[in-house]
Amino acid sequence: AWGGRCGGDPTQPGELKMTWHDEFEGEAGTLPDPANWRFDVGGDGWGNNQLEFDTNRAKNASLDGLGHLSITAYRESYQGRNYTSARINTRALFSQAGGRFEARIKLPSGQGLWPAFWMLGDDFGTVGWPNCGEIDIMEYRGQEPNAVHGSLHGPGYSGGAAITRKYTLPSGTFDGGFHVFAVEWSTDSITWLVDGKSYRTVTRSNLPGSARWVFDHPFFILLNVAVGGNFVGPPSSTTTNFPTSMTVDWVRVYQAAP
């Protein structure tokens with residue numbers, strides 16, 4: 001569905017042109033670039049019964065000085081919660097309709113950890129969820145370190161009724177090294193990829209019944225590490241690796257050249 005190479009100028013018709021990126025270059029301990037990212041702060045569970053309080057502290061989200069962003073979950077008492085972490089997004093800073101969205105990420109493992117790289121429609125503030133649409137490029141259950149999930153949420157197909165597919169690594173685990181998670185999104189379809197291998201395409205015709213395709217407007221990007229929640233359950237006595245981090249090497253976005 002996508003010809004040519006990523007990036008590179010001048011682009012030819014059908015090739016991909018980079019429109020936004022963050023390589024997370026900077027001094028260790030500094031916050032992610034505020035021109036690119038803002039923090040969601042709170043501990044109300046985010047509608048999923050998550051257990052962490054998401055802060056805007058460098059302790060929970062900062063550069064490591066080696067070209068990575070670390071989003072780190074701690075087991076600690078904070079603002080009435082027993083865990084802290086971070087959730088960052090590009091809302092009102094960057095959004096795009098269609099194209100290729102990808103990130104190179106190393107994931108943590110452990111029962112009850114729920115890292116994600118995902119997107120929400122930028123009309124979220126006016127139409128709410130799930131009418132705004134949600135594209136989960138990568139969701140991961142820490143107790144299943146060899147598998148990730150790609151999902152779509154919209155009106156009539158959200159939450160437990162989301163359109164979803166699981167991808168299992170042929171060998172090894174996602175906490176053993178970096179992997180590239182991507183979607184390629186066109187007018188009528190969305191394809192999920194891991195390390196360049198596509199494992200699911202959803203089209204308008206795949207929606208249940210008379211459900212609406214709400215993936216026809218710009219979406220913004222989110223990165224977070226949840227602790228607990230409906231998708232993963234709470235940490236257990238075997239989750240002994242706190243503090244634990246999702247390490248992001250880069251996030252890059254492309255659009256097809258006209």
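D188 is partly exposed, with a relative accessibility of 40%. In this predicted model, D188 pairs with R204 in a salt bridge whose closest N and O atoms lie 2.4 Å apart. That contact is one of 10 salt bridges that a search of the whole structure turns up. Here is a friendly tour of a few of them, with the geometry and the surroundings of each.

**D188 and R204**
- This salt bridge links distant parts of the chain, with its two residues 16 apart.
- D188 sits in the loop between β13 (179-185) and β14 (189-194), while R204 belongs to the loop between β15 (197-203) and β16 (219-227).
- R204 is partly exposed too, at 37% relative accessibility.

**R57, E76 and their network**
- R57 and E76 form a salt bridge, and their closest N and O atoms are 2.8 Å apart.
- R57 lies in the loop between β3 (52-54) and β4 (61-63) and E76 in strand β5 (residues 69-78), so the salt bridge ties together parts that are 19 residues apart in sequence.
- Is E76 buried or exposed? With a relative accessibility of 19%, E76 counts as buried, because the cut-off for buried is under 20%.
- R57 has a relative accessible area of 21% and is partly exposed.
- K59 joins the picture as well: R57, K59 and E76 are linked in a network of salt bridges.

**R141 and E144**
- Another salt bridge brings together the side chains of R141 and E144, at an N to O distance of 2.5 Å.

Note on methods. Residues numbered from 1 in each chain as written. Predicted model: local features only at pLDDT ≥ 70, side-chain atom pairs only at ≥ 80, totals over all residues. Heavy atoms only, no water. Salt bridge = Lys/Arg side-chain N within 4 Å of Asp/Glu carboxyl O. Helix = DSSP H or I, 4+ residues; strand = E, 2+ residues; numbered from the N terminus. Buried < 20%, exposed > 50% of the residue type's maximum accessible area, 1.4 Å probe, protein only.
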